[in-house]
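Here's a quick walk through one protein model, from the outside in. Have the sequence and the 3D view open as you read.

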Amino acid sequence: MKNMTEFGNLMAEAIAKANNDVNNLVWVDKKGNEIVPFVYDVLGKISEGLAVVCKNRKWGYINTRGEEVVSFIYDHVDEFSNGKAIVEKSGKYGCVNNKGEEIVPCIYDSVLYLSKDLMRVIKGNKWGIFW
């Protein structure tokens, strides 16, 4: 392993990410034991127990045990907030929950948080509210 950098603290255990020889990333614990294997192009920030991850140019989420929670089908994903995250697929936006369910379909031109429970969606010249 090379290029180890501090990633954050989670459950009182230091997590790091390190590059292998082909520039994929892995999470390791304080002792250097691999937590998540060298299969991801990007390991992003952990929010609400889920990490933003890129694999083969598609984005999804894994939990801190390295298990896929949200499939790698999105072109862009945001961090989780209040159990939800805005996602983009084929130029359209929607929202997933922390169980991997698409709770707002990716059919909107824009999705924006208004509050912890409200989201505004826009499609063409029409808009609506999800809660």
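## A greasy patch on the surface

In this predicted model, six residues, L112, L114, L118, W127, I129 and W131, make a nonpolar surface patch of about 700 Å². One of them, L112, sits in strand β13, which covers residues 110-113. Is L112 exposed or only partly exposed? With a relative accessible area of 38%, L112 counts as partly exposed, because the exposed class begins over 50%.

## Inside: two nonpolar cores

Now for the interior. The largest nonpolar core is built from eleven residues: L50, V52, Y61, V70, Y74, V77, F80, A85, V87, V96 and C106. Strands β6 (50-55), β8 (68-74) and β10 (84-89) each put at least two residues into this core. There's also a second, separate core of seven residues, with C95, V104, M119 and V121 among them.

V52 is a handy member of the largest core to click on. Ignoring its neighbours within four places in sequence, V52 is in contact with V42, L43, G44, K45, W59, G60, Y61, V77, D78 and E79.

## A four-stranded open sheet

Four strands line up in the order β9-β10-β11-β12 to give an open sheet, and the pairing is antiparallel. At the edges you'll find β9 (76-77) and β12 (102-108); each has a single partner strand, so one side of each has no neighbour in the sheet.

What joins β11 to β12? Three bridges do the job between β11 (residues 92-97) and β12, with the two running antiparallel. V96 has E102 as its bridge partner in β12, and V96 also belongs to the largest nonpolar core.

Definitions and conventions: Residues are numbered from 1 along each chain as its sequence is written. This is a predicted model: local features need pLDDT of at least 70, side-chain atom pairs count only at pLDDT 80 or more; totals for chains, interfaces and linings use all residues. Side-chain values use heavy atoms; hydrogens and water are left out. Patches are made of residues with over 30% relative accessible area and no salt bridge: like charges are joined within 9 Å, nonpolar side chains (Val, Leu, Ile, Met, Phe, Trp, Tyr) within 5 Å. Accessible areas come from the Shrake-Rupley method with a 1.4 Å probe; for residues, only the protein chains shown count as cover. A salt bridge is a side-chain nitrogen of Lys or Arg within 4 Å of a carboxyl oxygen of Asp or Glu. Buried means under 20% relative accessible area, exposed over 50%, partly exposed in between (1.4 Å probe, protein chains only). A nonpolar core is a set of buried Ala, Val, Leu, Ile, Met, Phe, Trp, Tyr and Cys residues joined through side-chain atoms within 4.5 Å. Contact means heavy atoms within 4.5 Å. Two strands pair if DSSP finds at least two bridges between them.
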